[in-house]
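Visitor: I have a structure I would like to go through with you before I go back to the bench. Could you put it up, and then take my questions as they come?

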There are 2 protein chains.
Amino acid sequence: MLMIPRGFKFSGISCGIKDKGRKDLALIYATHPCVACGMFTQNKFKAYPVLIDIARLKKGEAQVILANSGCANALTGKKGEEDALEISRELSVLLDVKESHLLLASTGVIGERLPVEKINKNLPLLIEQLEEGGIADAAEAIMTTDTFPKIYFIETKIKERGKKSIRVGGIAKGAGMISPQLATMLCFLFTDACIEREALKESLRIAVEHSFNRILVDGDMSTNDTVVALASGLARNPRIKMGSDNFSLFTESLSEVARELAKMIAKDGEGATKLIEIRVNGAWDEKDAHRAARSIARSPLVKTAIYGEDPNWGRILCALGQVKVKFNPHRVTLKIQGIKVFENLAPVINDRQELINKLQEKKILLEVDLRHGDHRTVFWTCDLTEEYVKINAHYHT
Amino acid sequence: MLMIPRGFKFSGISCGIKDKGRKDLALIYATHPCVACGMFTQNKFKAYPVLIDIARLKKGEAQVILANSGCANALTGKKGEEDALEISRELSVLLDVKESHLLLASTGVIGERLPVEKINKNLPLLIEQLEEGGIADAAEAIMTTDTFPKIYFIETKIKERGKKSIRVGGIAKGAGMISPQLATMLCFLFTDACIEREALKESLRIAVEHSFNRILVDGDMSTNDTVVALASGLARNPRIKMGSDNFSLFTESLSEVARELAKMIAKDGEGATKLIEIRVNGAWDEKDAHRAARSIARSPLVKTAIYGEDPNWGRILCALGQVKVKFNPHRVTLKIQGIKVFENLAPVINDRQELINKLQEKKILLEVDLRHGDHRTVFWTCDLTEEYVKINAHYHT
């Protein structure tokens with residue numbers, strides 16, 4: 001049994017947005033209003049659910065998230081906004097929850113309108129099915145080209161008389177249009193911790209910075225990216241304040257959940273066969289580390305070489321050399337799967353077959369040491385395969 | 001018969017760097033020392049031939065270019081430099097040309113050493129075959145994953161008593177690792193115009209800015225990118241000076257040659273089936289126009305949609321919205337193949353079938369109007385196909 005944070009119920013059903021009876025509508029319901037905050041796409045074209053959530057989260061409270069897959073409700077004009085608000089009104093009445101406590105999220109094709117009638121007709125069933133154990137259905141209902149639902153939960157003891165346990169968890173979807181600064185991804189995080197609004201916000205910022213902003217599938221940034229965190233307070237711990245020891249503990253837990261969900265998204269990139277972890281060490285500053293890692297993660301030539309299990313290490317350095325990052329080429333070293341392949345501007349491969357064998361593994365580790373400073377980062381991506389092209393050449397129709 | 005600029009001879013042979021007897025060694029020989037200049041990759045890891053050319057072109061003169069495919073001679077350590085210099089010495093003796101007048105270019109796999117002996121053994125044959133008509137062999141010998149040789153020549157009358165004609169032309173290779181700020185591309189431009197060194201340099205800068213810096217296949221920037229221009233002066237026109245009418249005429253010709261070669265590179269992107277032209281109008285400044293066009297050109301989701309002949313226009317706007325470009329989303333319009341698909345933040349497609357039909361063409365035009373200023377740009381890329389992945393997953397081995 002998952003240690004679902006206290007105070008949350010979930011459901012997921014098919015309402016007919018997607019074909020073949022696949023689940024496409026998810027509901028997350030807190031039994032009481034929660035402390036809440038969110039982070040959203042930086043894309044200038046923001047989908048209506050994103051614009052609505054940004055406005056509603058200004059007061060830092062929320063109770064319900066309704067999410068659909070199969071339709072992004074982005075770039076759908078004034079009518080797209082009306083569609084979203086019509087659904088929101090209906091759900092508000094059915095649940096007897098203030099509209100301002102209700103968040104929306106959509107993912108799928110851009111430019112097509114939501115089938116409002118289908119959705120509204122199915123809301124009563126969706127509500128009826130709400131239960132603690134409904135998390136798997138909800139995680140499934142937000143999938144698009146994802147191949148597996150993404151769920152992660154942990155329990156942590158916080159420092160307190162009697163060592164109260166708090167629970168933190170979440171669900172996410174990813175697969176395509178995945179790039180740092182949030183991706184085409186939805187992620188809903190829940191905790192039963194009792195926490196101040198500003199502390200939750202800062203904790204989420206830190207967690208996202210080290211998770212969803214460190215993954216990349218194709219480098220495209222969606223119109224719909226959404227990460228929302230809800231804290232029910234039902235763990236009944238003394239309220240966590242910014243900067244306290246418990247704040248650090250909570251942030252570690254939230255970061256772990258976010259990081260594991262982010263890695264699942266990278267691993268489940270469209271058509272991917274391998275998860276690639278890129279570690280950049282010895283960078284002048286954090287920005288340089290990030291820029292270097294991202295350029296390698298984004299390179300189609302690196303991603304196809306790894307798919308082909310081809311030790312074409314030159315492409316990794318080529319991707320590194322093309323961005324503005326401070327380093328001296330003579331000092332750079334590169335390891336693949338723990339094996340040093342490059343040093344002093346020249347290859348140092350003793351056993352090419354060993355390297356080829358290690359590239360057959362499902363998890364690939366690339367380690368660049370710039371030897372130019374003390375900063376480091378970790379970044380995750382996946383390989384690029386024919387399947388990615390197939391999925392995206394024919395996704396719309 | 002091509003109007004080859006006066007004073008140049010070419011040859012291209014197979015010396016065994018590539019397999020199956022494919023041509024891999026090209027020689028470009030001017031009968032006299034030329035005014036010369038070059039532009040090179042911005043990648044921090046520069047191949048040895050690039051480093052050598054940069055040094056040798058400081059005096060603005062050159063007479064010979066030796067180019068090989070199948071091996072990049074990049075990241076090969078001190079030995080890579082020695083290899084290049086050994087070949088250069090040998091060629092210098094055989095041709096009786098000063099080493100400082102001899103340029104080198106390599107393209108192919110990174111990190112592998114040049115087979116110096118194979119190359120040097122074949123230099124006499126390469127020299128023996130030099131002739132004006134050898135241009136096609138030379139163009140073929142610099143190909144890697146290119147599917148066709150890239151050659152373009154024009155003749156222009158310049159303003160002068162008797163209207164002297166000058167000839168401008170070039171050969172290029174591209175295919176993969178193609179990104180603005182020069183790509184994995186080699187391009188050698190020749191003219192028989194008589195022109196001042198500084199004027200040729202400025203003319204080349206302008207031509208490259210509007211050609212090779214406006215194409216993108218996969219967004220990766222090579223270690224070996226090279227554009228070199230040689231002017232033999234054998235048209236015997238009065239020397240062209242910076243800023244004169246004839247400077248403008250010459251720059252137009254050089255730009256046309258560069259642009260047509262660049263478009264051939266985009267069209268022949270690895271695995272490509274379509275040439276995509278992206279026009280951005282109404283940008284606040286030139287940088288914004290460039291950034292917007294490049295983001296669309298780079299997007300794997302746009303490129304796969306066009307491959308799938310899928311009118312998934314939302315991806316184009318998504319790619320536009322994710323970069324820092326000044327515009328108001330409400331004012332943006334988008335046309336595909338001349339058909340307006342988006343305006344006032346909403347789709348305006350009347351005849352979806354017409355759009356689908358037009359996407360079956362081989363040349364695709366995307367026009368974004370930001371309606372935020374007076375600046376514009378044109379950019380070229382290609383679609384992304386399963387074939388790109390296949391080529392790059394298995395290129396090394």
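**Strands, helices and the contact**

Visitor: How many bridges join β11(A) to β12(A)?
Guide: β11(A) and strand β12 of chain A, residues 339-343, are joined by 3 bridges and run antiparallel. Strands here are DSSP runs (E, at least two residues), helices are runs of H or I with at least four, and both are numbered from the N terminus; two strands pair if DSSP finds at least two bridges between them. Please keep in mind that this is a predicted model, in which local features need pLDDT of at least 70 and side-chain atom pairs count only at pLDDT 80 or more, while totals for chains, interfaces and linings use all residues. Residues are numbered from 1 along each chain as its sequence is written, with chains lettered from A and ligands numbered from 1 in the order in which they are written.

Visitor: OK, and what is the bridge partner of Ile336(A) in β12(A)?
Guide: Ile336(A) has Ile339(A) as its bridge partner in β12(A). The hairpin of β11(A) and β12(A) has 2 residues between the strands, and Gln337(A) takes a positive phi near 50° there.

Visitor: What about β12(A) and β13(A), how do they run?
Guide: β12(A) and β13(A) run antiparallel and are joined by 2 bridges, with Ala346(A) in β13(A) as the bridge partner of Glu343(A). This hairpin also has 2 residues between its strands, and in it Asn344(A) takes a positive phi near 55°.

Visitor: Going the other way, what does β11(A) do with β14(A)?
Guide: Strand β11 of chain A (residues 333-336) runs antiparallel to strand β14 of chain A (residues 363-369), and 4 bridges join them. Across that pair, Leu334(A) stands opposite Val368(A) in β14(A).

Visitor: So what is the order of the sheet in chain A?
Guide: The order is β8-β15-β10-β14-β11-β12-β13 (chain A), an open sheet of 7 strands with mixed pairing. Its edge strands, each of which pairs on one side only, are β8 (215-216) and β13 (346-347) of chain A. Helix α7 (residues 286-298) of chain A packs on the sheet, where α7 touches β8, β10 (275-283), β14 and β15 (375-382) of chain A, and its direction makes about 20° with that of β15(A).

Visitor: Touching and angles in what sense?
Guide: Residues are in contact if their C-beta atoms, placed from the backbone, lie within 7 Å, and angles run from 0 to 180 degrees between N-to-C directions of axes fitted to C-alpha atoms, for helices over the stretch in contact.

Visitor: Different topic: at what angle do α5 and α6 of chain A pack?
Guide: Helix α5 (residues 197-209) and helix α6 (residues 245-267) of chain A pack at about 45°, with their axes 8 Å apart. That makes α5(A) oblique to α6(A), since angles under 35 degrees count as roughly parallel, over 145 as roughly antiparallel, 65 to 115 as roughly perpendicular and the rest as oblique.

Visitor: And which residues of α5(A) and α6(A) meet?
Guide: Among them are Ala199(A), Leu204(A) and Ile206(A) from α5(A), and Phe247(A), Phe250(A) and Leu254(A) from α6(A). By class, this contact of α5(A) with α6(A) has 9 nonpolar, 3 polar and no charged residues, where Ala, Val, Leu, Ile, Met, Phe, Trp, Tyr, Cys and Pro count as nonpolar, Asp, Glu, Lys and Arg as charged, and the others, Gly among them, as polar.

Visitor: Now the two chains: how many residues does the contact take from chain B and from chain A?
Guide: The contact takes 50 residues from chain B and 50 residues from chain A. On the chain B side, α8 (300-307), α9 (314-321), β13 (346-347) and α11 (386-393) each supply at least two residues, and the largest share, 6 residues, comes from α9(B). That side of chain B has 23 nonpolar, 20 polar and 7 charged residues.

Visitor: What turn lays chain B on chain A?
Guide: A turn of 180°, with a shift of 0.0 Å along the axis, lays chain B on chain A with an RMSD of 0.0 Å, after least-squares superposition on the C-alpha atoms of residues with pLDDT of at least 70 in both copies. That is the relation of a two-fold axis. The same surface serves both copies, as 100% of the contact residues of chain B recur in chain A.

Visitor: Which residue of chain B comes closest to the rotation axis?
Guide: Glu386(B) does, with its C-alpha at 2.2 Å.
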